[in-house]
Amino acid sequence: MRRGAVRRNATAHAFFLPFLAVFVIGIVAPLAYAINLSLYQEKMIGGTTFTGLDNYRKAIQDSLFHAGLERVAVFFAIQVPLMLGLALLAALAIDSGRLRAPGVFRIGIFVPYAVPGVVAALMWGYIYGDRFGLAGEIEDLLGVDLPDFLSSGWMLASIGNVVTWSYVGYNMLIFYAALRAIPDELYEAAEMDGAGRIRQAWSIKLPALRPALLLATIFSVIGTFQLFNEPSVLQFMAPGVVTTNYTPNMYAFNLAFDGRQFNYSAAIAVLLGLTTVVVAYTVQLVTSRRERLL
């Protein structure tokens with residue numbers, strides 16, 4: 001019996017080892033290297049020296065890093081609820097059974113997610129252009145003045161539009177899968193009690209979607225603080241608006257590969273990762289507390 005238990009344990013560990021190896025190589029090792037790199041500083045005199053937490057103290061007081069964090073915080077507060085709300089409405093519409101071609105509608109919403117982020121940013125960048133894009137052609141055709149979507153006042157909203165267009169379909173599939181997992185018996189019992197479609201959606205569908213909403217929100221937190229592709233592409237079209245520190249991720253990238261400040265860039269990256277973890281955990285904690293109250 002002991003030999004059989006040992007064999008079963010060995011088999012289970014054998015199935016687990018490939019994932020563990022990828023996790024260590026792809027996540028743990030780079031993270032450990034970044035933390036180790038952030039504890040040193042390369043100087044012209046003396047070479048690479050151990051400086052402890054000096055890079056982190058500098059990052060905490062860095063106004064450019066603070067500006068990028070504030071920008072993505074505003075982006076998260078506005079763009080994420082709008083995106084998840086649209087995805088939720090689309091999932092409820094498809095699940096209602098009242099659409100004539102739900103499959104076509106579902107694929108049409110999901111197709112933008114299949115477009116690579118860089119391509120989507122390029123496409124929308126040319127649409128936004130007032131001299132070379134669709135916005136400029138509409139202005140010439142109708143004789144009206146449209147807002148400059150690549151200006152400083154509109155840039156964050158323009159990036160939010162690109163991200164929303166790309167990820168509404170992805171989140172819609174998460175919500176739709178959760179809706180399809182609801183037992184039909186609940187709907188039958190609700191109909192026997194006289195509940196209509198709206199009442200069923202409010203009392204059955206929305207409560208069942210809470211875990212999916214939490215999952216999508218956490219994914220959105222991670223994606224928001226990793227915002228990089230869209231502003232990097234639009235930077236070529238509006239270099240005076242999208243600066244090198246427009247987002248924390250861009251700031252760390254430019255510090256490393258343009259400024260050659262690898263140690264300080266590593267500290268920025270570690271702090272950004274910690275911020276993402278804290279925000280994601282806070283969202284999960286607040287959600288769990290609300291569920292207990294309900």
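The paragraphs below lead through a predicted model, moving from its salt bridges to its surface patches, one of its helices and a few single residues.

Charged side chains make a convenient entry point. Side chains of opposite charge can pair when their charged atoms come close. In this model the count of salt bridges comes to three, where a salt bridge is taken as a side-chain nitrogen of Lys or Arg within 4 Å of a carboxyl oxygen of Asp or Glu.

One of these salt bridges joins the side chains of aspartate 54 and arginine 57, with 2.6 Å from N to O. The two residues are three positions apart in helix H2, which covers residues 54–60, so that about one helical turn separates them. Aspartate 54 is partly exposed, with a relative accessible area of 36%, and arginine 57 is likewise partly exposed, with a value of 48%.

Another salt bridge brings the side chain of arginine 180 to that of aspartate 95, at 3.5 Å from N to O. Because arginine 180 lies in helix H7 (residues 155–180) and aspartate 95 in helix H3 (residues 63–96), this pair ties together parts that are 85 residues apart in sequence. The surroundings of the two partners can be read from their accessibility: arginine 180 counts as exposed at 56% relative accessibility, whereas aspartate 95 is buried, with a relative accessible area of 12%.

Aspartate 95 also takes part in a salt bridge with lysine 205, whose side chain meets that of the aspartate at 2.9 Å, N to O. Lysine 205 belongs to helix H9 (residues 197–208) while aspartate 95 sits in helix H3, so this pair ties together parts that are 110 residues apart in sequence. Lysine 205 is buried, with a relative accessible area of 8%. Taken together, Asp95, Arg180 and Lys205 are linked in a network of salt bridges.

The surface offers another view of the model, beginning with charge. Asp184, Glu185, Glu188 and Glu191 form a negative surface patch. Within this group, glutamate 185 has its place in helix H8, which spans residues 184–192, and glutamate 185 is exposed, with a relative accessible area of 54%.

A patch of another character is nonpolar, covers about 810 Å² and is made by Phe16, Leu17, Phe19, Leu20, Phe23, Val24, Ile25, Ile27 and Val28. Leucine 20, one of these residues, lies in helix H1 (residues 2–38) and is partly exposed, with a relative accessible area of 32%. Phenylalanine 16 is also found in helix H1, and its relative accessible area of 41% makes it partly exposed as well. A residue of this patch can be set against a distant position in the chain: phenylalanine 16 and methionine 192 are 176 residues apart in sequence, and their C-alpha atoms are 47 Å apart in space.

Helix H10 can be followed in some detail. This helix has 16 residues, numbered 210–225, and at 1.5 Å a residue it should span 22 Å; its end C-alpha atoms are 23 Å apart, which agrees with that expectation. Several positions of H10 are buried, namely Ala212, Leu214, Ala216, Thr217, Ile218, Ser220, Val221, Thr224 and Phe225. Phenylalanine 219 lies in H10 too, but at 36% relative accessibility this residue counts as partly exposed. The C-alpha atoms of phenylalanine 219 and asparagine 171 are separated by 9.5 Å, although the two residues are 48 residues apart along the chain.

Two loop residues complete the tour. Proline 147 is found in the loop between helix H6 (134–142) and H7, and counts as partly exposed at 33% relative accessibility. Its C-alpha atom is separated by 8.7 Å from that of aspartate 130, a residue 17 positions away along the chain. Arginine 260, in turn, occupies the loop between helix H12 (248–257) and helix H13 (262–293). At 55% relative accessibility, arginine 260 counts as exposed, and arginine 260 has a positive phi of about 60° although it is not a glycine.

Conventions. Residues numbered from 1 in each chain as written. Predicted model: local features only at pLDDT ≥ 70, side-chain atom pairs only at ≥ 80, totals over all residues. Heavy atoms only, no water. Patch = residues over 30% accessible without salt bridge, like charges linked within 9 Å, V, L, I, M, F, W, Y side chains within 5 Å. Areas by Shrake-Rupley, 256 points an atom, 1.4 Å probe, with all protein chains shown as cover. Lys, Arg positive; Asp, Glu negative; His and termini not counted. Charge placed at Lys NZ, Arg CZ, Asp CG, Glu CD. Helix = DSSP H or I, 4+ residues; strand = E, 2+ residues; numbered from the N terminus. Buried < 20%, exposed > 50% of the residue type's maximum accessible area, 1.4 Å probe, protein only. Expected span 1.5 Å × (residues − 1).
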